[in-house]
Protein chains: 2
Amino acid sequence: MEISSDLLIGKQSVHGTNGAIKGVDAATGEPLAPAFGGATLAQLEDACALAWAASDVYRELPLETRARFLETIAQNILDIGDVLIERCVAESGLPRGRIEGERGRTVGQLRMFAAVVREGDFLGVRIDPAQPQRQPLPRVDLRLRYVPLGPVAVFGASNFPLAFSVAGGDTASAFAAGCPVIAKAHSAHPGTSALVGAAVQKAVADCGLPEGTFSLLFDSGRDIGQGLVSDRRIKAVGFTGSRGGGTALMKLAAARREPIPVYAEMSSINPVLLFPNALKNRGAAIGKAFASSLALGAGQFCTNPGLVLAVDGPDLDAFIQATSAALADIPAATMLTPGIHRAYVSALGKTAEHSDVKTLARGGEAKGATQGQAALFSTTAAAFRANAELQEEIFGAASLIVRCPDLATLFDLIEELEGQLTAALHIDEADYADAAKILPALERRTGRILVNGFGTGVEVGHAMVHGGPFPSTADGRSTSVGSLAIDRFLRPVSYQDMPDALLPDALKTENPLGLNRRIDGKLQLSK
Amino acid sequence: MEISSDLLIGKQSVHGTNGAIKGVDAATGEPLAPAFGGATLAQLEDACALAWAASDVYRELPLETRARFLETIAQNILDIGDVLIERCVAESGLPRGRIEGERGRTVGQLRMFAAVVREGDFLGVRIDPAQPQRQPLPRVDLRLRYVPLGPVAVFGASNFPLAFSVAGGDTASAFAAGCPVIAKAHSAHPGTSALVGAAVQKAVADCGLPEGTFSLLFDSGRDIGQGLVSDRRIKAVGFTGSRGGGTALMKLAAARREPIPVYAEMSSINPVLLFPNALKNRGAAIGKAFASSLALGAGQFCTNPGLVLAVDGPDLDAFIQATSAALADIPAATMLTPGIHRAYVSALGKTAEHSDVKTLARGGEAKGATQGQAALFSTTAAAFRANAELQEEIFGAASLIVRCPDLATLFDLIEELEGQLTAALHIDEADYADAAKILPALERRTGRILVNGFGTGVEVGHAMVHGGPFPSTADGRSTSVGSLAIDRFLRPVSYQDMPDALLPDALKTENPLGLNRRIDGKLQLSK
């Protein structure tokens, strides 16, 4: 399959004339053909107009059509075959196995949302039947369903070229909710984006949907991304990236005539808490597992364990020793882009030179120009407290161990952390009582709390929360992974005394869609 | 019962020393004793510190305790007796019957949320059990529940001194979610606020809750309200008031180091659409009902019908005639405050003098200095389009009829309206086909669509949405009335591989709370 360098604007493939974006082989730094044309503001306008026109139509198509659309995208992505894998490996520098796995995850997500759409619980149907005889006033008939927000702008992520980009979790959940999507390709993987975009565009045609249901834009600067977020027809934003990028979009969205929700997944250092008994009994084993998690995918995960908190002493030393030994055996790995590699090297340098920080260990040495070498640092609790910059995320395989004088100090540090995607507790049964004490503080500032594991490896399921208070995300009331992600793109509407003939099928008295419903406040299953 | 002029800071009653706030008899303009002391920044700090300390404790008390707390507040409000009614009538200028009804609504809301808490569906429990045998990787055990956001700032509303103030819908839903509340009394009804605040403070003590679960502050300026929204320990804001006030709070909240959600219910003109057949067959009857809705409570409802759209012609004239006749018979009514009365009179004057607006009718003449006289205006579709100011809410019993040349123009006007709380369709069966065409546009910009009725009279139930896209509210994904309002103060947290001993009761395998749960994506009722 040839890779088209065109923008996808509805059913059209149009060359962008606003500058060019080239993919780069992450391992060699060599540019990859073709040159993708950046969208002009006029082309952005076309995409927004088409998305707006599609919105009312797409959202009221039968749920079965919407589900099949998601499944068709999944199949079309698989049908691209090896071209997609090879291009994605080249553009991301990630190993083939990882990219194949990520394709599986992407396809799995789309299919999961198809099942969610068919089941229909996301419609949140509530019916309070009329009570004409009620005193002193009759009660009206009220029915509620959730409707989609409208067209959604999705920004591709550098670190998940498939699972969180053009047809990734944001797009899948927005489509599932009934929203058209305009995707902005990440400049780190334009070829991957083009291939996946064509698969989505084809699915729109295969399923006979309005063409504006999907568009894909390349952006040679920032105008198109910013223009998207500011366009009056865009009603929500999905973004995975840096804190700077995410907060810039939050500000743009808040400054609109009609502010809109931004779901930006941004920055997290994912504290790992080593409790005394676990550390004593299993320190070396935990250290080995920690090193693997830290170095996985060159450390380029939002859930990378960037911070370890433990009570100082010989047990911690043993953990450090095991971690260091394991890290030394882990080869350096190609990072996603030369820019990300530069930022990583610079952040490592600053940390290593910090007067309060010791470098404990490094991973295998870099062999290519853009390879990232893992790094393990330590500091004291007092220094961690005194230096806010030590709380900043380093995007890559770096982690900071904070030596705490006692558990009480460790708990105090937790209270000073910003919002996080995850926190991991390593505990044995003898630690449970202490762990229980810190759980409330963790619940307040994280989206997921895990026991005897690490945050990398985000299961796509129904009970997953990949979210958390600011700055880990822009909106701590949401998750960007898992079936609950659909809720981000919905809002409730109530219908009062509306005749059945005018009600949407989801709310008709006879329940033609066979939905679970809340009647007079009580949940009733359809079967 | 004597009315204390003190701030309520946890279990303390403390006199505020930052200026004074006096209630005013709305009908006479005479000041009412006592003078309430405004909170200082130090007193605000005390309230925030107590709320923060209470938060972790309050949220993990048994649901039954939380439910009983809500019911105790309800009973304590009833126990105040006539003192509350009299004070509230004096401060608001609203008739006794309305205030008695509003007390019933307030008590009913608290009891409804007690039932919601006992039932527990708001916890949104999801469990994806582990699959240790799954290939290529075992699946972890994931469990999800919603947790409260933390302390909530509630701003009392001028127009609902009971149902949307100190112990109104925002407070009740925040308490139900598990959040402590710091209420800022509205300066229009400090005595009412003090009486209700004391009832809540007593309920905290009656139920043995941490004292910081509730505080009540008076604000002699804006520092306390702004300080509340900016305080790091406040995690969400509930507000009902003007567009200017609400957007100012939105800006403050967005500018925080950690931005927080603001649920501001602000401004809506609640379009009424008169369809041709209904207008022809029942125009006079609709006009009479419209006049009643328009003048209800001196028009001081968020859902007041401020805009009527209809096709011009003799049927519309008949509707106008009936409305005008009915309005003339409706006596002017005392408005909530002299300031609100002044703003109403000024807005009426501007509208009446507008070169594109005709005054069609007035209500009964004002007899007191602060009485508002209803007003009915008309304009053309072209003028409505050309003059954005005609879309602005006039807070009071004023409405603007837009004479449209045809239904297509009427539909075009809908697309130009800002977000609304409600839209009302007046239709006969012969209008259904036309009504169906405009429903999508109404769903996009309103929270509630009603048929053959008016938006005033907001049922407190499970299927109510009192919300809508900006500027009707700050966050169109929410409702401030009805049981769904609890969702505003919750966020999901996921627990991975956590032993039962550490899991909250809501997530334990044996389901000790008897909750409905979503297991592996499938909803299962507990009974």
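# Reading burial, bridges and contacts

Visitor: Why is E102(A) called buried?

Guide: E102(A) has a relative accessible area of 2%. Buried means under 20%. So E102(A) counts as buried. Bear in mind that this is a predicted model.

Visitor: And R98(A): what makes it buried?

Guide: The relative accessible area of R98(A) is 18%. The cut-off is under 20%, so R98(A) is buried too.

Visitor: How do you know that R98(A) and E102(A) meet in a salt bridge?

Guide: Their N to O distance is 2.8 Å. The rule asks for a Lys or Arg side-chain nitrogen within 4 Å of an Asp or Glu carboxyl oxygen. The pair therefore qualifies. Side chains of opposite charge can pair when their charged atoms come close.

Visitor: Where do R98(A) and E102(A) lie?

Guide: Both sit in helix 4 of chain A. Four residues separate them, about one turn of the helix.

Visitor: What makes D82(A) and R96(A) a salt bridge?

Guide: Their side chains come to 2.4 Å, N to O. The limit is 4 Å, so the pair counts. This bridge links distant parts of the chain. D82(A) is in helix 3 (residues 82-92), R96(A) is in helix 4 (residues 96-119), and they are 14 residues apart.

Visitor: Why is D82(A) called partly exposed?

Guide: D82(A) has a relative accessible area of 37%. Buried is under 20% and exposed is over 50%. The value falls in between, so D82(A) is partly exposed. R96(A), at 35%, is partly exposed as well.

Visitor: How do you know that E415(A) forms a salt bridge with R445(A)?

Guide: The closest N and O atoms are 3.3 Å apart. That is within 4 Å, so the rule is met. E415(A) belongs to helix 13 (residues 407-416) and R445(A) to helix 14 (residues 432-445), 30 residues apart.

Visitor: Is E415(A) buried or partly exposed?

Guide: E415(A) has 35% relative accessibility, which makes it partly exposed. R445(A), by contrast, stands at 10% and is buried.

Visitor: How many salt bridges does a search of the whole structure find?

Guide: It finds 72 over all chains. Across the interface of chain B and chain A there are 16.

Visitor: What makes D56(B) and R444(A) a salt bridge?

Guide: The closest N and O atoms are 2.5 Å apart. The cut-off is 4 Å, so this pair passes. There is also a network of salt bridges. It links D56(A), R59(A), E60(A), R145(A), E415(B), E443(B), R444(B) and R445(B).

Visitor: How many residue pairs are in polar contact across the interface of chain B and chain A?

Guide: The rule finds 48 such pairs, both residues at pLDDT 80 or more. Several elements of chain B each supply at least two residues of the side that touches chain A, among them helix 1 (41-59), helix 14 (432-445) and strand 21 (490-496). The residues of that side divide into 36 nonpolar, 12 polar and 26 charged.

Visitor: What is the area buried between chain B and chain A?

Guide: About 6300 Å², with carbon and sulfur atoms giving 56%. E443(B), R477(B) and L502(B) supply 12% of the area that chain B buries against chain A, more than any other three residues. The contact takes 74 residues from chain B and 74 residues from chain A.

Visitor: How do you know that strand 20 of chain A pairs with strand 21 of chain B?

Guide: Three bridges join them. Pairing needs at least two, so the strands pair. They run parallel. In strand 21 of chain B, Q496(B) is the bridge partner of L450(A).

Visitor: Why is H466(A) called buried?

Guide: H466(A) has a relative accessible area of 6%. That is under 20%, so buried is the right word. H466(A) lies in the loop between strand 20 and strand 21 of chain A.

Visitor: What makes H466(A) and E265(A) a polar contact?

Guide: Their side chains are joined at 2.9 Å. The limit for N or O atoms is 3.5 Å, so the distance fits. Beyond its neighbours within four places in sequence, H466(A) also contacts other residues, including C302(A), L421(A) and S478(A).

Visitor: Why is G221(A) called partly exposed?

Guide: The relative accessible area of G221(A) is 44%. Exposed needs over 50% and buried under 20%, so G221(A) is partly exposed. G221(A) sits in the loop between strand 9 (214-217) and helix 7 (223-230) of chain A.

Technical notes
Residues are numbered from 1 along each chain as its sequence is written. Chains are lettered from A and ligands numbered from 1 in the order in which they are written. This is a predicted model: local features need pLDDT of at least 70, side-chain atom pairs count only at pLDDT 80 or more; totals for chains, interfaces and linings use all residues. Side-chain values use heavy atoms; hydrogens and water are left out. Contact means heavy atoms within 4.5 Å. Buried area is the accessible area (1.4 Å probe) that two parts lose on being put together, summed over both. A polar contact is a pair of N or O atoms within 3.5 Å; within protein, one must be able to donate a hydrogen and the other to accept it, and residues adjacent in sequence count only if both atoms are side-chain atoms. Ala, Val, Leu, Ile, Met, Phe, Trp, Tyr, Cys and Pro count as nonpolar, Asp, Glu, Lys and Arg as charged, and the others, Gly among them, as polar. Buried means under 20% relative accessible area, exposed over 50%, partly exposed in between (1.4 Å probe, protein chains only).
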